[in-house]
Amino acid sequence: METHDWFVTVAPGIEDLAAGEMEELVGSAKADVGKVFFRAPLEAMYVVNYAARTVNRLHLLLAREEFESLGDIYGVAKDVDYGPLLGPDRSFAVRCKRIGEHPFTSMEVARVVGQAVIDSCTESLGFRPKVDLEEPDLEITVLVRFGEVLMGVNTTGESLHRRGYRAYHHPAALKTTLAAAMLRLGGYRGQALLDPFCGGATIPIEAAHLARRYPLLLFRKDPYLPKLPFHDPDTERAVREKLLEAATRDPYEITGIEISPKHAEGARINLKTALVEDTVRVLQGDCTRAEIHRDLSAELLVTNPPYGMRSHSLKKIGAFYETVLRALREAHHGVRAVFITASAKPFEEAAARVEVPIPHSRRVMHGGLPAKIYVLEL
Ligand SMILES: C[S@@+](CC[C@H](N)C(=O)[O-])C[C@H]1O[C@@H](n2cnc3c(N)ncnc32)[C@H](O)[C@@H]1O
């Protein structure tokens with residue numbers, strides 16, 4: 001079977017977890033900064049776009065080269081064979097992201113690559129492709145990172161972190177892909193799970209979807225893949241059927257606690273749209289109070305507490321984290337807990353005061369905000 005080179009884009013800090021997921025889904029995978037590379041047949045395009053939980057977008061790899069100048073980038077883009085991708089009636093757009101210091105902007109890279117695509121098609125294929133920046137038939141992604149340029153065809157359209165199940169939008173919602181990565185890091189396999197700061201229930205919903213093997217295609221109704229020139233309807237149907245057959249409505253014990261009545265109600269709305277209201281419960285109350293934990297026996301905690309940016313001063317958030325760690329340890333002694341916070345120092349100092357060791361921590365980017373994920377035993 002013919003294989004192709006692919007890469008997925010990933011939030012910085014969870015590349016190893018995404019590579020682990022890719023290995024399960026499509027075979028071997030190699031993590032890089034903000035990306036994971038792999039080689040696989042076309043089937044992988046459907047599997048990843050319909051079932052991967054920790055990644056943003058899947059691209060068909062077109063080129064990966066070192067460069068020194070904008071002229072080199074033009075040369076890399078011009079050498080690609082656009083024959084299987086474009087035609088006289090097919091439009092394209094180039095989107096560029098750039099990391100590092102360069103004497104040119106992302107816009108300039110996109111313009112130069114666009115010109116290279118037009119020149120390559122005109123000179124080698126005998127037609128001039130149309131540019132359509134609004135609704136192109138083909139979206140070419142260019143990632144420039146220091147001295148490396150990476151080109152690919154976007155096969156995903158809108159990022160996979162947009163799951164399509166959120167009806168209630170919590171103002172500090174966690175990115176779904178990070179929630180899925182935290183569940184992987186905590187070793188979630190369907191055991192009794194608690195999120196004591198559940199907000200709009202992103203973590204409980206991701207857990208339930210993982211346990212029930214609900215594919216993303218149940219909720220993402222974007223007909224993006226059929227527009228691709230290398231789309232194969234038979235392969236797509238086979239993958240779709242296999243994924244839908246594997247999904248179950250088995251019961252799991254998943255609980256969220258949320259102090260705000262408004263967010264708790266919002267969470268319940270999201271449970272319904274995410275088709276998990278029969279396996280996730282949301283308790284409205286204060287997770288630092290012992291009563292709310294009385295009938296709860298969690299085997300894993302995964303949570304995203306307030307960062308304190310808006311509601312607390314940094315000093316207050318440190319004291320709050322201390323109260324939280326004491327209360328959760330009291331209620332769930334010895335249980336593994338995965339936390340994410342952008343208030344790293346107050347969290348680490350609070351853990352030290354409460355004498356909860358932190359055997360694993362890592363830096364991640366949550367949206368544009370630097371944050372840290374911690375794994376500890378309560
Ligand atoms: C960062 S948000 C969680 C967002 C959530 N992960 C999501 O994706 O929607 C933290 C949440 O903790 C709630 N919260 C704050 N103090 C709490 C407490 N003592 N007990 C329970 N929930 C609390 C806040 O109301 C807020 O909704």
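**Why we call it that**

Modeller: The chain has 47 positive and 51 negative side chains, and the centres of the two sets lie 6 Å apart. This is a predicted model, in which local features need pLDDT of at least 70, side-chain atom pairs count only at pLDDT 80 or more, and totals for chains, interfaces and linings use all residues. Residues are numbered from 1 along each chain as its sequence is written, while side-chain values use heavy atoms, leaving out hydrogens and water.

Colleague: What makes a side chain positive or negative here?

Modeller: Lys and Arg count as positive, Asp and Glu as negative, and His and the chain ends are not counted. The charge is placed at NZ of Lys, CZ of Arg, CG of Asp or CD of Glu.

Colleague: How many helices and strands does the chain have?

Modeller: There are 10 helices and 15 strands. Both are DSSP runs numbered from the N terminus: a helix is H or I with at least four residues, a strand is E with at least two.

Colleague: Why is the chain called as compact as a globular protein of that length?

Modeller: Its radius of gyration is 23 Å, close to the 21 Å that the globule rule gives for 378 residues, so the label fits. The radius is taken over C-alpha atoms, and the rule is 2.2 Å times the number of residues to the power 0.38. Along the principal axes, the C-alpha atoms fill a box of roughly 75 × 45 × 35 Å.

Colleague: Next, Val26. What makes this residue count as buried?

Modeller: Buried means under 20% relative accessible area (exposed is over 50%, partly exposed in between, with a 1.4 Å probe and protein chains only). Val26 has 17% relative accessibility, so it counts as buried. Val26 sits in helix α1, residues 15-26. Leaving out residues up to four places away in sequence, Val26 touches Phe38, Ala40, Ala44 and Val48, where a contact means heavy atoms within 4.5 Å.

Colleague: How do you know that strand β7 is largely enclosed by the rest of the structure?

Modeller: Seven of the eight residues of β7 (138-145) are buried, so that description follows. Helix α6 (residues 202-212) is mostly covered too, with 10 of its 11 residues buried. Among them are Ile203, Ile205 and His209. Just past α6, Arg213 takes a positive phi of about 55 degrees.

Colleague: Which strands does β7 pair with?

Modeller: Two strands pair if DSSP finds at least two bridges between them. β7 and β5 (residues 91-99) have eight bridges, in the parallel sense, with Ile99 opposite Arg145. β7 and β8 (residues 148-154) have six, in the antiparallel sense, and there Thr141 has Gly152 as its bridge partner. Both pairs clear the bar of at least two bridges, so they count as paired. β7 and β8 also form a hairpin with two residues between them, and Phe146 in the turn has a positive phi of about 50 degrees.

Colleague: In what order do the strands of the open sheet run?

Modeller: The eight strands go β2-β3-β1-β4-β8-β7-β5-β6, with mixed pairing.

Colleague: What makes β2 and β6 edge strands?

Modeller: β2 (30-32) and β6 (130-131) each have a single partner strand, so one side of each lacks a neighbour in the sheet. Elsewhere in the sheet, β1 (residues 3-9) and β3 (residues 35-41) pair in the antiparallel sense over seven bridges, and Phe7 stands opposite Phe37.
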